[in-house]
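Student: I have a structure open in front of me and would like to learn how to read it. Could you take me through it feature by feature?

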Amino acid sequence: AWTEGQQAFAREQAQEGASLVCYGRGTRLLAVLAVADPVKPTSAEAIRRLQEEEHVEVHILTGDSAAAAGAVARRLGVAHVEAGVLPQGKEDYVRALQAGGRVVAMVGDGINDSQALARADVSVAMGRGTDIAMDVAMLTLMTSDLSLLSEAIHLSRRTVRIIRENLFWAFIYNLIAVPVAAG
């Protein structure tokens with residue numbers, strides 16, 4: 001038998017995405033434990049930077065429950081959430097985004113992410129993830145800090161810009177120098 005306080009605690013924790021573990025004897029509830037994955041303090045800021053500064057549309061795909069996924073998405077400011085997704089479902093989701101003309105970057109850390117990592121246009125494994133995720137991914141961040149992702153995107157965009165500028169100047173140089181050398 002649950003007291004009103006225990007029921008309120010259970011509802012509050014469920015809304016926050018926690019799983020409840022109950023311990024009792026007979027019909028008497030002795031303890032309720034709420035278990036949840038913590039969100040890293042830097043994650044919300046990293047997601048905000050991706051969305052605002054890098055203009056990246058962030059989606060969350062997880063095998064966790066809808067309540068847990070929704071709670072994390074609210075804390076991180078993410079509008080697109082799919083919960084209860086199996087590995088094949090993650091790959092299908094990536095394919096659907098690609099079919100819509102989007103370039104998809106997948107960030108994952110586990111064996112359940114490996115299919116979607118392999119399918120994505122750009123794949124990033126978190127350094128504390130499984131070996132298969134790191135083997136499949138194009139880029140591995142050495143820590144599980146998402147703030148490095150924004151820095152990696154910024155660095156890669158800068159690198160591509162410099163390569164294009166160098167190609168442009170090399171083309172101009174050859175356009176001028178080859179006729180001069182031939183003359």
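**Reading the model step by step**

Tutor: Let us begin with a single residue: His-55 is exposed, with a relative accessible area of 65%, and a residue counts as exposed when that value is over 50%. Please keep in mind throughout that this is a predicted model.

Student: Where does His-55 lie, and what is its phi value near?

Tutor: His-55 is found in the loop between helix H2 and strand S3, which spans residues 59-61. Its phi is near 55 degrees, which is a positive value in a residue other than glycine.

Student: Now I would like to step back to the whole chain; how many helices and strands does the protein chain have?

Tutor: The protein chain has 7 helices and 7 strands, and when you read along the sequence they follow the pattern α-β-β-α-β-α-β-α-β-α-β-α-β-α.

Student: How should I read the overall dimensions, and what is the radius of gyration of the protein chain?

Tutor: The general idea is to set the value beside that of a compact globule: with 183 residues such a globule would have a radius of gyration near 16 Å, but the protein chain has 23 Å. The box filled by the C-alpha atoms, taken along the principal axes, is roughly 100 × 30 × 30 Å. Of the 183 residues, 27% count as buried, and among the contacts with a separation of 6 or more, 32% come from residues 24 or more positions apart.

Student: What is the order of the strands in the open sheet, and is their pairing parallel or antiparallel?

Tutor: The open sheet of 3 strands has the order S5-S6-S7, and the pairing is parallel. At its edges are strand S5 (105-108) and strand S7 (139-141), each of which pairs on one side only. Neighbouring strands of this sheet are turned by 20 degrees against each other on average, with direction ignored.

Student: How many bridges join S6 to S7?

Tutor: Strand S6, residues 122-126, is joined to S7 by 3 bridges, and the two run parallel. You can locate this pairing through Ala-125, which stands opposite Thr-140 in S7.

Student: Turning to helices, why can the buried residues of H2 line one face of the helix?

Tutor: The general idea is that an α-helix has 3.6 residues a turn, so residues three or four places apart point the same way. In helix H2 (residues 43-52), the buried residues are Ser-43, Ala-46, Ile-47 and Leu-50. Seen down the axis of H2, these buried residues fall within an arc of 100 degrees, so they line one face of the helix.

Student: Which helices do the buried residues of H2 pack against?

Tutor: They pack against helix H3 (66-76) and helix H7 (147-182).

Student: How many residues are in the largest nonpolar core, and which of them have the most contacts inside it?

Tutor: The largest nonpolar core has 14 residues, and those with the most contacts inside it are Ile-47, Val-78 and Leu-149. At least two residues of this core come from each of H2, H3, S6 and H7, and H2 gives the most, with 3 residues. A second, separate core has 10 residues, including Leu-97, Val-104, Ala-120 and Ala-125.

Student: Is Val-58 buried or exposed, and what does Val-58 touch?

Tutor: Val-58, in the loop between H2 and S3, has 12% relative accessibility and therefore counts as buried, since the cut-off for that word is under 20%. Not counting residues up to four places away in sequence, Val-58 touches Ile-47, Leu-50, Gln-51, Val-78 and His-80. With the same kind of neighbours left aside, Val-78 is in contact with residues including Ile-47, Val-58, Ile-60 and Ala-73.

Student: Where is Ser-144 found, and is Ser-144 buried or exposed?

Tutor: Ser-144 is found in the loop between S7 and H7, and at 17% relative accessibility it counts as buried. Leaving aside neighbours within four places in sequence, Ser-144 is in contact with Lys-40, Met-126 and Arg-128.

Student: Which residues is Gln-13 in contact with?

Tutor: Gln-13 has its place in helix H1, residues 4-15, and is buried, with a relative accessible area of 17%. Apart from neighbours within four places in sequence, Gln-13 is in contact with Ala-18, Leu-20 and Ala-34.

Note on methods:
Residues are numbered from 1 along each chain as its sequence is written. This is a predicted model: local features need pLDDT of at least 70, side-chain atom pairs count only at pLDDT 80 or more; totals for chains, interfaces and linings use all residues. Side-chain values use heavy atoms; hydrogens and water are left out. Two strands pair if DSSP finds at least two bridges between them. Helices (H or I, at least four residues) and strands (E, at least two) are DSSP runs, numbered from the N terminus. Axes are lines fitted to C-alpha atoms, for helices over the stretch in contact, and angles run from 0 to 180 degrees between N-to-C directions. Buried means under 20% relative accessible area, exposed over 50%, partly exposed in between (1.4 Å probe, protein chains only). The arc is that of the directions from the helix axis to the C-beta atoms. Contact means heavy atoms within 4.5 Å. A nonpolar core is a set of buried Ala, Val, Leu, Ile, Met, Phe, Trp, Tyr and Cys residues joined through side-chain atoms within 4.5 Å. The radius of gyration is taken over C-alpha atoms; the globule rule is 2.2 Å times the number of residues to the power 0.38.
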